[in-house]
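Let's take a walk through a protein model together, with an eye on its charged side chains and one bent helix. Have your viewer ready.

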Amino acid sequence: MPFVSVLVLCQAAGIVLTAWIHLSPRLGLLIGLAAAAALAAAAVAWGWRLSRWLVAALVLLAQAAALPFQEARALGDLGPWVGVANTVLRGRVAWVEAKGEELQAVVRIEEVLPPQGVAPLAEAQGATAPRAAVPNGGRFLPAAGTVLVSWTPRCSAGPAPPSVFPGHLVEVRGRLELPGPPGNPGEFNYRAYLAARGVRYLLRAWGDGPRPLGPAPGAAAVRLVGSARARVEGPLQALSPARAALLRGLLLGGSQGLDPDLVDSFGRAGLIHLLSASGLHVGFVLAAVSVPLGCLRLTRRAAALLALPAVGFYALLTGARAPVVRSALMLGSAVVGASLGRGRHSLGALAVAAGAILVHNPFALWDAGFQLSFAATFGLVTLAPRFRRGLARLPRPLASALSVTCAAQAATLPLALYHFGRLSLLAPVANLAAVPLAAAAVVVGFIGAAVSLVWPAGASLAYRLAGPALAVLDLWGRAVGGLPGASLEAPRPSPVALAGWSGALLLLLGAAGARSTGTGPVPGGWGPGGWGGEGRVPAGRSRDGEAGCRLCGREGAGRPGPAPPGPVRPPLAALGRRLAAALLCLACACVWDRALYRPLNVLTCYFLDVGNGDAVFALLPGGRTLLLDGGPWSGGGPEGDGAAPPGRRRSPPLPPPRAVAFLRRLGVRRLDYLILSHPHQDHLGGVVAAAEGLRVGAFYCSPQALAQAAAAGGAGPSGPAGGGLLGRLWDALERKGVPRHALARGHTLDLGGGAVLEVLHPAPAGLPGAGAGGVPGPSAGPGGEDAATNEESLVVRLRLGRVSLLLAGDLGPDGERELLGAVGTERLGCSVLKVAHHGSSTSTGEEFLAAACPQVAVISVGTGRGLPSPRLLQRLSAARVYRTDRDGAVILRTDGRGWRVKPFRGGEPARAPGG
């Protein structure tokens, strides 16, 4: 391994270390000074024989010391103005991008003008403390921070929005906000996603968006790039909209204008990388420019150097997307290294690109694109040659295509599962045909793009020539992505599983490297000298073997020389030990993952953050699963319910309910118990999605809801019940043959492992307190927020040993009085109470609360409805209160003797130790 790779690994370790221990800037400065002093003392005491490793240690400590300063600089000082409406900001535009009908711009703020008479907030977390009147006289105050500004241009009837380019000094007015953190374990972290791109604040601009205040430095170059992109995209109108969008995605990256079903099919088939401008496209640009230059009798090295400006221009043309920038940096470092006589290490070029990005933005280390891009390239450099040798009996083109696909997928598999929870099973087969088709379309498209700069009519003709390849690629992607089992939704791997996979992969890589040489290390493998050691290399063979950098055009670099006199293999026992160690590493990871993350004698209950709705998921002792309610259907964001979708899929498709997305990330594929408290949309949507997308052991609801679902079954999307959701639920259960049961007071379910579910409400049909015949009247339609349906909500008590949870659904005051009179106060006592009706002031009355006497109260509530009620919070003053809008998911773990409640977004946990 080249030493620069060691330095970059130390740099990354410093970033991780600092994020883990949360260093302050002052402590980081002290660590940096101590590291410099230690390096100087060691150099004086030991000489410079150990200088390389001392430098590596210094890089680690220097990065750890610098990160707090970098984080403080990135955060800026805009925090006091978060949540203040009508704030005016001034700053420089970094980049502008279109997102459908919306425009977005990243602005680096230089000044802020707060509203007249408004003082800054005490905290940057959106606190609502009263502000004192502080007149500022209309003066701008110095400020710093990076803001993502979004706005929608007015329609053509109104005035056109002003042109904004990178470098412009602009003024923008709006309300500054912080990106919301994830609410549930494994949920997409939009705040971290923006932070990895250097953005810390959001602002929805008023009016026409940012207003330019003057000419932008370098605007001429930006306008030149924009004009070139317009010339490239203009002739695409000669194709149909679908073909034009697909070719635009292949050439410049992005899925704008593409059919969402096609994008989904490409994702299922493992072809989505074709729509992301990355290393493949950068390589095409380099080849397209360097090959003609080579015809002028220039050396390959000189031609590659002269082609680098074209690579940079292409990166700007694509909007400087992160994958293109990463690939361009790696390619540039390889080419420059070759020109200096140091172009033999592909891993070194990869490390230089990674180090440059982390120096500019250390938070990119947490970006999924950064991790996947470098992991895939690492796989191509180290694994692809070995796979190619193993497939030597196949035809060379087929072996090369399979080795590249399998190497990239093996290197990125754990990261892809961690970030996306999807494994494309048919990716190697799908890429065999898709990559040549995409390459043909891209080559013709690049020719058309070059011609478009001087002759737009000729570009239209070239684009038309790519039509057949685009049509076949479209059909192939839809066909493979539509096959059953094309992709597998897998649980999010734990850190233990990630470490096990990585360790096994490196051990196998080392075994393959030793097997290929038998005498010393190769890039990506261990020999007698280990990684970075001075192991021997067979005579006539370069140290890099086939993993050398061929993109740089260095003659002979990375090419294997004459083979050794005979087959050189390590002892079979040594190779067997490496393979056994890899298998043992995987086995240990599986065992510890099961032991640490799936305890069999513990009840784990998740009160999920689903916005304005309810969802409770329980991992029961013994491994069974239970879901009580599922929240609203859309659930795509933490603040919105969204209406129920129609019977057919919308375009673009809505995201799955947040409860179901959580179950998939957790690896839950079967629900042994699916329970609906009552058929309101803020509880029903996720239950419908779970019934349609997961295996269900049995379904339970109240007698009234069961009768309504049976009546709505088969009615279709326009049925009378809940916008069709209740009918869809019944149809899905009937189609899968799921048993359906009615629950009423007196029923008890043995959940296994000592866990018991006791039903306290509603009363059985025909008894006092029940509706006539157990079915409410017409005013109790399940789609509306009516009191009659709330009063029939299921109330259950989940018990394990001495610990009990009371789940009150949306029970109202009349239901509470009936329940108290029927069961008394002794059966309502609980350790944890899920507060009824999202914290409404009319529910969870004083008598009911006195009977329950909880130590912890959990309120499942979203934003924008004025809940929970202050009167209710006053009644709950004796209990520890957690809210999903503020704390995210609330997680309870109990072994039946003691319990511990922990909010997902941090905060003080509550616990009761067992006896």
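What follows is a short tour of salt bridges and a helix kink in this predicted model.

A search of the whole structure turns up 25 salt bridges. A good one to begin with joins the side chains of Glu233 and Arg248, at 3.7 Å from N to O. Glu233 belongs to helix H5 (residues 219-233) and Arg248 to helix H6 (residues 241-252), so this contact ties together parts that are 15 residues apart in sequence. The cut-off for buried is under 20% relative accessible area, so Glu233, at 21%, counts as partly exposed, while Arg248, at 19%, counts as buried.

Next, look inside a single helix. Asp474 and Arg478 form a salt bridge of 2.6 Å, N to O, between their side chains. Both residues sit in helix H17 (residues 467-481), 4 residues apart, which is about one turn of the helix. Asp474 is buried at 7% relative accessibility, whereas Arg478 is partly exposed at 32%.

Now on to the strands. The side chains of Glu758 and Arg797 meet in a salt bridge of 3.7 Å, N to O. This pair links distant parts of the chain, with Glu758 in strand S18 (residues 755-761) and Arg797 in strand S19 (residues 795-800), 39 residues apart. Glu758 is buried at 10%, and Arg797 is buried at 13%.

Salt bridges also link Arg90, Glu111, Glu171 and Arg211 into a network.

Finally, the bent helix. Helix H14 (residues 396-420) has a kink of about 55° at Thr412, shortly before the proline Pro414. After H14 comes Gly421, with a positive phi near 65°.

How values were computed. Residues are numbered from 1 along each chain as its sequence is written. This is a predicted model: local features need pLDDT of at least 70, side-chain atom pairs count only at pLDDT 80 or more; totals for chains, interfaces and linings use all residues. Side-chain values use heavy atoms; hydrogens and water are left out. The bend at a residue is the angle between axes fitted to the seven residues ending there and the seven starting there. Helices (H or I, at least four residues) and strands (E, at least two) are DSSP runs, numbered from the N terminus. A salt bridge is a side-chain nitrogen of Lys or Arg within 4 Å of a carboxyl oxygen of Asp or Glu. Buried means under 20% relative accessible area, exposed over 50%, partly exposed in between (1.4 Å probe, protein chains only).
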